[in-house]
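Here is a walk through a protein model, meant to be read with the structure open beside you. Shall we start with the strands and work outwards from there?

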Amino acid sequence: PLEDRQGVFALIGSPGVGKPTPTAKIAANFAAKHGASQLGLITLDAYRIGAHEQLRGYGRILGVPVHTAHDRASLDDLLDLLANKKLGLIDTAGMAQRDARTHELLDMLAHPAIRKLLVINASAQGETNDEVVAAWRAADCEGVILSKVDEAVRLGPALDSLIRHRLRVHCLANGQRVPEDWLRLP
């Protein structure tokens, strides 16, 4: 399970796919097992009003400060600051697969210590998920978190895309409750 692994993971994906909630679910499960003192939280979402406040709220509940990085230099500084933590989680701004800033964000995350997890909306159209997989360079990611499973009428299009692109699914987010609505896959 992700919460038992060590390292730095950045959750990436399109807007509205639900990156802060899986970030909080991983963080809550990790803190319960290993202690909040071993956890570091970073947000790169300075675009949306109040976006960082959602993760900060979860951080307050867990007793973990949430740091904000605005550029690559501040991200590098924060990674150095959190180097002694077992797990670091980075919540990123959602950007559409056709947004030019998607590549800028991926370049910012091109740090050897950062492993990326692509969050894919289970209720999206198959063609949309194919575009998301290509734009976010899913082949370079550690794996996928399939979100909004509880909102999907059919899982076929999402599963088809994941199978065709040979992507590893780490977990399913199937609701808003933190940390309960979370299914780990072997």
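**From the sheet to the salt bridges**

Strand β2, residues 39-43, runs parallel to β3, and three bridges join the two. One residue pair to look for here is Ile42 with its bridge partner in β3, His67. Keep in mind as you look that this is a predicted model.

These two strands belong to an open sheet of eight strands, which has mixed pairing and the order β3-β2-β4-β1-β5-β6-β7-β8. The edges are held by β3 (66-68) and β8 (182-184); each has a single partner strand, so one side of each lacks a neighbour in the sheet. On average, neighbouring strands of this sheet are turned by 25° against each other, direction ignored. As general background, strands of a sheet pair through backbone hydrogen bonds, either parallel or antiparallel.

Now move to β1, which sits between β4 and β5 in the strand order. β1 pairs with β4 (residues 87-91) in the parallel sense over five bridges, and five bridges also join β1 to β5, again running parallel. Val8 shows both pairings: its bridge partner in β4 is Gly88, and in β5 it is Ile114. Five of the six residues of β1 are buried, so this strand is largely enclosed by the rest of the structure.

What fills the interior? The largest nonpolar core has 35 residues, and those touching the most other members are Ile42, Leu44, Leu75, Ile90, Leu118 and Leu146. Two or more residues of this core come from each of β1 (7-12), α3 (72-81), α4 (101-108), β5 (114-121), α5, β6 (143-147), α6 (156-164) and β7 (169-173). Leu146 is a good residue to click on: leaving aside neighbours within four places in sequence, its contacts include Ile120, Ala158, Leu162, Val169 and Cys171. Apart from this core lies another, of 20 residues, among them Ile26, Leu87, Val119 and Trp182.

Helix α5 (residues 126-135) comes next. Its buried residues are Gly126, Asn129, Asp130, Val132, Val133 and Ala135, and they pack against α4, β5 and α6. Asn129 counts as buried because its relative accessibility is 3%, under the 20% cut-off. Beyond its neighbours within four places in sequence, Asn129 is in contact with Ile120, Asn121, Ala124, Ala158 and Ser161. After α5 comes Arg137, whose phi is positive, near 50°.

In helix α1 (residues 20-34) you will find Thr21, which is also buried, with a relative accessible area of 8%. Not counting residues up to four places away in sequence, Thr21 touches Gln54, Tyr58, Gly175, Gln176 and Val178.

Finally, turn to the charged side chains. The count comes to eight salt bridges. In one of them, the side chains of Asp76 and Arg72 meet at 3.0 Å, N to O; being four residues apart in helix α3, these two are separated by about one helical turn. Helix α6 offers a similar spacing, with Arg164 and Asp160 four residues apart and joined by a salt bridge of 2.9 Å, N to O. Glu131 and Arg98 also form a salt bridge, their closest N and O atoms being 2.7 Å apart. This pair links distant parts of the chain, with Glu131 in helix α5 and Arg98 in the loop between β4 and α4, 33 residues apart. Glu131 is partly exposed, at 30% relative accessible area, while Arg98 is exposed, at 68%. Last of all, Arg5, Arg115 and Glu142 are linked in a network of salt bridges.

Note on methods:
Residues are numbered from 1 along each chain as its sequence is written. This is a predicted model: local features need pLDDT of at least 70, side-chain atom pairs count only at pLDDT 80 or more; totals for chains, interfaces and linings use all residues. Side-chain values use heavy atoms; hydrogens and water are left out. Two strands pair if DSSP finds at least two bridges between them. Axes are lines fitted to C-alpha atoms, for helices over the stretch in contact, and angles run from 0 to 180 degrees between N-to-C directions. Buried means under 20% relative accessible area, exposed over 50%, partly exposed in between (1.4 Å probe, protein chains only). Contact means heavy atoms within 4.5 Å. A nonpolar core is a set of buried Ala, Val, Leu, Ile, Met, Phe, Trp, Tyr and Cys residues joined through side-chain atoms within 4.5 Å. A salt bridge is a side-chain nitrogen of Lys or Arg within 4 Å of a carboxyl oxygen of Asp or Glu.
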